[in-house]
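Good morning, and thank you for joining this meeting. Please take a moment to look at the structure on the screen before we begin.

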Amino acid sequence: MKRTFALILAIVIAVALLNGCGQKTGGNAEVTNTAAAEQTPAQGTPEQSTPEPDPESPYNFAVGKYETGPDGWATGLYSYELPLATTDETFSYYVLNFTPQYIPDNDMQAVPYVQEKAVMTGVNIEYILCTMENVSTMFSVMMASDDIPDIVSMGNNRIGMSMEEAINENWYCNIYDYKEYMPNYFYLVQEYAKESPSLLRNTFIHDDMVGMIWTFINVAPEEGWYLRQDWMDELNLGKAGDVTTIDELYDVLTAFKAAYGDNEHWPMTVFAWFELSPGRLFSGYNTSLWNIIIGYYKRVNEGKVEFCGATDDDLAAMTRLHQWWDEGLIDPNYSSYMDSIMINSVVAQDRLGYVFGAPTSVPVWEELCVDPDCRYEPTPRLRLYEDQELQWNLGKAVTFSMWTISAKCANLPLVLSWTDWHYSTEGSDFCTWGLEGSTWEYDDAGERMLTEFVLEHPAGPSSILSIYAGGDVGVFDLRRNFAYDGGERFYAMYNVWDVSEYYGGKLDFPADFTLSAEAGNEVTALSGDLSTYYAENYNAFFDGSRPLSEWDDYIASLMEMGLERVYEIYQSELDVYYSAQ
């Protein structure tokens with residue numbers, strides 16, 4: 001049975017609003033400095049001994065209380081004795097919030113979840129709330145006064161320099177220097193790296209330098225493409241989940257056109273940017289069809305840098321996409337669709353057979369559609385042939401947000417221990433779900449379900465949960481966003497996009513690679529004209545206003561305009577990067 005429109009529309013952006021930011025409020029300088037002196041973290045490799053716990057200390061730190069393996073890291077999750085401190089200290093937390101009007105009395109300390117966490121842990125948090133409009137300017141002012149918050153959400157995006165520079169210039173703390181206070185975090189880094197090896201590179205700037213504290217997630221918050229399953233049923237076309245190749249999708253779309261195709265119905269749409277998420281439309285071509293900035297998405301092919309939009313795979317993918325356009329399979333109004341929300345009105349009129357979005361979008365589409373039988377089901381990542389191994393940009397995501405910690409925080413051992421508590425089983429559970437009776441309750445089957453307060457709140461579930469529960473650090477349980485009647489169907493859609501059995505990642509560009517400042521400036525100077533030319537011509541190849549027979553001329557022009565030099569810059573620094581691995 002369909003849920004109310006207000007409920008399901010509000011769930012659409014469930015994951016995006018989970019990020020946090022922060023503020024500083026001092027604390028007892030004399031006590032905290034004593035604590036830091038008493039429990040100075042060991043330097044160097046993890047194998048070194050850690051300080052013994054002090055039974056007289058007002059702190060319940062983990063140091064010296066957990067087992068380590070041969071590699072020096074904790075062998076399992078540590079369960080903290082609470083409270084962590086009896087010193088009544090307060091730390092500042094810079095947090096981005098999209099709906100501050102729903103915060104009680106405009107004060108996060110008035111939120112029961114925040115109050116309860118302070119009682120549990122013995123650590124007080126004062127929030128500095130920022131908006132999308134002022135998030136950068138506020139932080140710049142704080143930097144100018146040399147007083148950044150103790151905790152900064154998405155701090156790598158705020159600081160305006162590399163993480164290594166931010167640590168060396170004493171803005172952010174080198175977490176590695178305090179690793180003994182974070183057994184859970186570093187244990188989970190090792191565990192999640194088994195599923196996503198790049199996590200180690202993205203966490204350890206050097207063997208002894210760590211700047212970012214990642215939020216882990218139990219299921220990657222992916223997006224994908226969906227077919228009208230009710231149309232497929234009417235035409236005896238099978239199940240959406242069994243459409244595994246681009247050719248099979250083409251057969252379904254042509255059947256849709258034959259059965260429903262007129263001026264009001266379209267088998268599918270793309271978007272103004274062609275793709276909203278790179279490599280999700282034609283995954284088998286191992287490239288991105290995103291048509292805005294040349295070089296925004298990159299590959300490494302046998303050690304050589306390649307820019308998506310300028311490869312042989314792009315020519316093949318564009319040839320296919322142009323064919324579908326030419327055959328009338330794609331909505332001609334595609335350029336007006338900037339995101340998946342903007343197709344809602346077309347879906348509502350029962351006019352689109354193949355669409356893109358997050359699982360949280362599906363109940364919205366089905367509720368909006370004038371056809372009461374409308375049902376969208378996801379297709380897997382489409383390959384060129386059944387046994388193809390995909391190679392680009394589909395590795396498993398295990399993180400979605402992060403914190404940085406100020407190097408000038410008055411009590412780094414305590415704030416890092418408090419942060420590490422979020423990664424314990426108890427901490428992650430509490431911060432995902434919030435308070436029983438407020439944001440969740442058990443149903444008759446003993447399953448956690450979101451409360452009516454959350455589901456019917458005018459802010460929408462995602463926004464209100466960003467206030468009344470956590471999810472900003474720790475291990476976030478994505479199932480929470482689907483904890484309502486019928487939600488399990490949409491949660492299960494993530495499984496359809498699991499490519500672990502046929503993913504090699506040989507073309508993946510290293511996520512932790514960055515150009516030097518000098519190289520970056522030169523690339524930026526060259527990129528403007530390149531991207532303008534790229535966007536104009538990539539779109540022209542799609543709609544046929546420039547014939548695909550001129551692809552080689554297009555590539556030659558890009559190279560002459562500066563792409564050849566950009567490749568040289570990237571290749572030179574990428575070679576150095578690989579030699580250092």
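**Buried residues and charged pairs**

I begin with Ser-463, which counts as buried because its relative accessible area is 4%. Please keep in mind that we are looking at a predicted model. Ser-463 belongs to helix α17, which covers residues 461-468. Its side chain comes to 3.5 Å from the backbone oxygen of Ala-459.

Let us turn to another helix. How many of the residues of helix α14 are buried? In this helix, formed by residues 412-421, 10 of 10 residues are buried. Among them are Leu-412, Pro-413, Trp-418, Asp-420 and Trp-421. At the start of α14, the backbone nitrogen of Leu-414 has a side-chain oxygen of Asn-411 within 3.1 Å.

For contrast, consider Thr-86, in the loop between α2 (29-38) and β1 (89-96). With a relative accessible area of 62%, Thr-86 is exposed. Thr-86 and Val-123 are separated by 37 residues in sequence, and their C-alpha atoms are 8.3 Å apart in space.

I now come to charge. Side chains of opposite charge can pair when their charged atoms come close. The whole structure contains 21 salt bridges. One of these joins Arg-299 to Asp-313, with 2.8 Å between the closest N and O atoms. This pair links distant parts of the chain, 14 residues apart: Arg-299 lies in strand β8 (residues 298-301) and Asp-313 in helix α11 (residues 312-326). Is each partner buried or partly exposed? Arg-299 is buried, because its relative accessibility is 2%, whereas Asp-313 is partly exposed at 25%.

Arg-299 also makes a side-chain polar contact of 2.6 Å with Glu-306. Glu-306 sits in strand β9, residues 304-307, and a further polar contact, of 3.3 Å, connects its side chain to that of Asn-301.

A second salt bridge joins Asp-429 and Arg-448, whose closest N and O atoms are 2.6 Å apart. Here too the pair links distant parts of the chain, with Asp-429 in helix α15 (residues 425-433) and Arg-448 in strand β14 (residues 448-450). Asp-429 is partly exposed at 33% relative accessible area, while Arg-448, at 15%, counts as buried. Salt bridges with shared partners also connect Arg-228, Asp-230, Asp-350 and Asp-371 in one network.

Finally, I draw your attention to the surface, where a patch of negative charge includes Glu-436, Glu-452 and Asp-485. Of these, Glu-452 is part of helix α16, residues 452-455. Thank you for your attention.

Technical notes:
Residues are numbered from 1 along each chain as its sequence is written. This is a predicted model: local features need pLDDT of at least 70, side-chain atom pairs count only at pLDDT 80 or more; totals for chains, interfaces and linings use all residues. Side-chain values use heavy atoms; hydrogens and water are left out. Helices (H or I, at least four residues) and strands (E, at least two) are DSSP runs, numbered from the N terminus. Buried means under 20% relative accessible area, exposed over 50%, partly exposed in between (1.4 Å probe, protein chains only). A polar contact is a pair of N or O atoms within 3.5 Å; within protein, one must be able to donate a hydrogen and the other to accept it, and residues adjacent in sequence count only if both atoms are side-chain atoms. Patches are made of residues with over 30% relative accessible area and no salt bridge: like charges are joined within 9 Å, nonpolar side chains (Val, Leu, Ile, Met, Phe, Trp, Tyr) within 5 Å. Accessible areas come from the Shrake-Rupley method with a 1.4 Å probe; for residues, only the protein chains shown count as cover. A salt bridge is a side-chain nitrogen of Lys or Arg within 4 Å of a carboxyl oxygen of Asp or Glu. Lys and Arg count as positive and Asp and Glu as negative; His and the chain ends are not counted. The place of a charge is taken as NZ of Lys, CZ of Arg, CG of Asp or CD of Glu.
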